[in-house]
Amino acid sequence: KETMENHTKVTEFILVGFKSHPGSQLLLSVLFSTMYVVTLVGNVCMILIIRMDSKLHTPMYFFLENLSILDTCYSSVITPKAALMFSLGRRVISYNGCASQMFFFSLFGTTEAFLLAAMAYDRFAAICNPLLYQIIMNKRLCVFMVVGSYLSGCINCTIQTGFTFSLSFCGPKEINHFFCDVPAVMHASCSNTLANEIVMLVVCGSIIVGTALMVFVSYGYIITTIVQMPSAESKHKAFSTCSSHILAVSLFFGTVFFMYAQPGATSSPDKSNTISMLYTVVIPMLNPFIYTLRNKEVKWSLKKQFKRKGFFS
């Protein structure tokens, strides 16, 4: 019995990452490090701009600020470790380290899905009920939506991490990924993972489909309202406030749906590595730019801050 205990008790895992020759590993390290720095700078700037300009103290920017905080945390859970892994070849991650990485990644990822749905509802209220907008989107509801998003994230990450780490792991302890993602860790187990795959499909699938449905329904109403607007100017103004959110939502839900909400999500590690890179590293970096470059209010606020600091007259 004792040898069996030793056989199943794994204390660490080896992250395989991207299988490629050493030269490209260094390139990956530089790429990940650069993207991480850009993510931090972009999101921290977004938070500061919103905090410093009282004109941006509205529900939309309250959600945007929280999205920036999430993206910073989300990226910090994965990217620095991955960059070190590629540059120094530090592929070992402890059992507890792997579990905590999965826990926080699931927490921030799930929270982001719910937050994007809340942002879609905010745009729906602003465009379809402009006269009642201030009453509908009061501070209490906004805080409730953000707290609710985090609570949903907590429930999901507890289920996913609990179920995954209740499996037995007996060598080889290799995880065919650059971080401890649920499907990749499941794949490394020597237990029967059918029950886990069903749980992942049901829980993640219902979260992704539920939040995406909220987004689609909101935008269905928004587009109908915009089409019925009398002037071209009002149509353009209404659409410009939504276009950045549509782009961010499409990127996030498109990649996440491909990863978690379809059967056999654990079957192709190399493909999933590339797609995971999109939503763990690339999207958190792009979000501040999507919202800044397509948003007149943020650009105006940025100019105002630069003028105040004397960068240009």
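Let's start at Cys128, which touches Tyr221, Ile222 and Thr225, leaving aside residues up to four places away in sequence. This is a predicted model, so please hear everything I say with that in mind. Cys128 has its place in helix 4. Is Cys128 buried or exposed, or partly exposed? With a relative accessibility of 21%, Cys128 counts as partly exposed, since buried would mean under 20%. There is also a nice pairing in space here: from C-alpha to C-alpha, Cys128 and Thr224 are 9.1 Å apart, although 96 residues separate them in sequence.

Staying in helix 4, have a look at Thr111. Here the relative accessible area is 1%, so Thr111 is buried. What does Thr111 touch, if we skip residues up to four places away in sequence? The list is Leu70, Ser149, Tyr150 and Gly153. Keep Leu70 and Tyr150 in mind, please, as both return when helix 3 meets helix 6.

Now let me step back for the overall layout. The protein has eleven helices and three strands. Reading from the N terminus, the order of elements is α-β-α-α-β-α-α-α-β-α-α-α-α-α. Of the 313 residues in the protein, 49% are buried. And if you take the contacts between residues at least 6 apart in sequence, 79% of them join residues at least 24 apart.

On to the strands. They make an open sheet in the order 2-1-3, with mixed pairing. The edges are strand 2 and strand 3, each of which pairs on one side only. Which way does strand 1, residues 12-15, run against strand 2, residues 92-94? These two are antiparallel and are joined by three bridges, with Phe13 standing opposite Ile93 of strand 2. Strand 3, residues 174-175, pairs with strand 1 in the parallel sense, over two bridges, and there Leu15 stands opposite Ile175.

Strand 1 also shows an alternation of side chains that you can follow by eye. Phe13 and Leu15 point to one face and are buried, whereas Glu12 and Ile14 point to the other face and are not buried. So the residues opposite Ile93 and Ile175 belong to the buried pair, by the alternation along strand 1.

Helix 4, residues 95-128, brings us back to where we began: this helix lies across strand 1, strand 2 and strand 3, and runs at about 80° to strand 2.

Let me finish with the helix packing, and with three pairs in turn. As a reminder, two packed helices are described by the angle between their axes and the distance between the axes.

The pair of helix 3, residues 59-88, and helix 4 packs at about 160°, and the axes are 10 Å apart. That angle makes the two helices roughly antiparallel. Their crossing is left-handed. The residues in this contact are 17 nonpolar, four polar and five charged.

Next, helix 3 with helix 6, which spans residues 139-164: the axes come within 10 Å and cross at roughly 25°. How do these two helices run relative to each other? Helix 3 and helix 6 are roughly parallel, because the angle falls under 35 degrees. The crossing is right-handed in this case. From helix 3 come Pro59, Phe62, Phe63, Asn66, Ile69 and Leu70, and from helix 6 come Cys142, Val143, Met145, Val146 and Tyr150. By class, that contact has ten nonpolar residues, one polar and no charged ones.

The remaining pair on my list is helix 4 with helix 6. Their axes come within 7 Å and cross at roughly 145°, and helix 4 passes helix 6 in a right-handed crossing. How do the contact residues divide by class? The answer is 14 nonpolar, eleven polar and no charged.

Thr111 is a good place to end, as a residue of helix 4 that touches Leu70 as well as Ser149, Tyr150 and Gly153. Thanks, everyone, and I'm happy to talk it over.

Key: Residues numbered from 1 in each chain as written. Predicted model: local features only at pLDDT ≥ 70, side-chain atom pairs only at ≥ 80, totals over all residues. Heavy atoms only, no water. Buried < 20%, exposed > 50% of the residue type's maximum accessible area, 1.4 Å probe, protein only. Helix = DSSP H or I, 4+ residues; strand = E, 2+ residues; numbered from the N terminus. Pairing = 2+ DSSP bridges. Contact = heavy atoms within 4.5 Å. Axes fitted to C-alpha atoms, helices over the stretch in contact; angles between N-to-C directions. Parallel < 35°, antiparallel > 145°, perpendicular 65-115°, else oblique. Left-handed = near helix turned anticlockwise from the far one by under 90°. Nonpolar A, V, L, I, M, F, W, Y, C, P; charged D, E, K, R; others polar.
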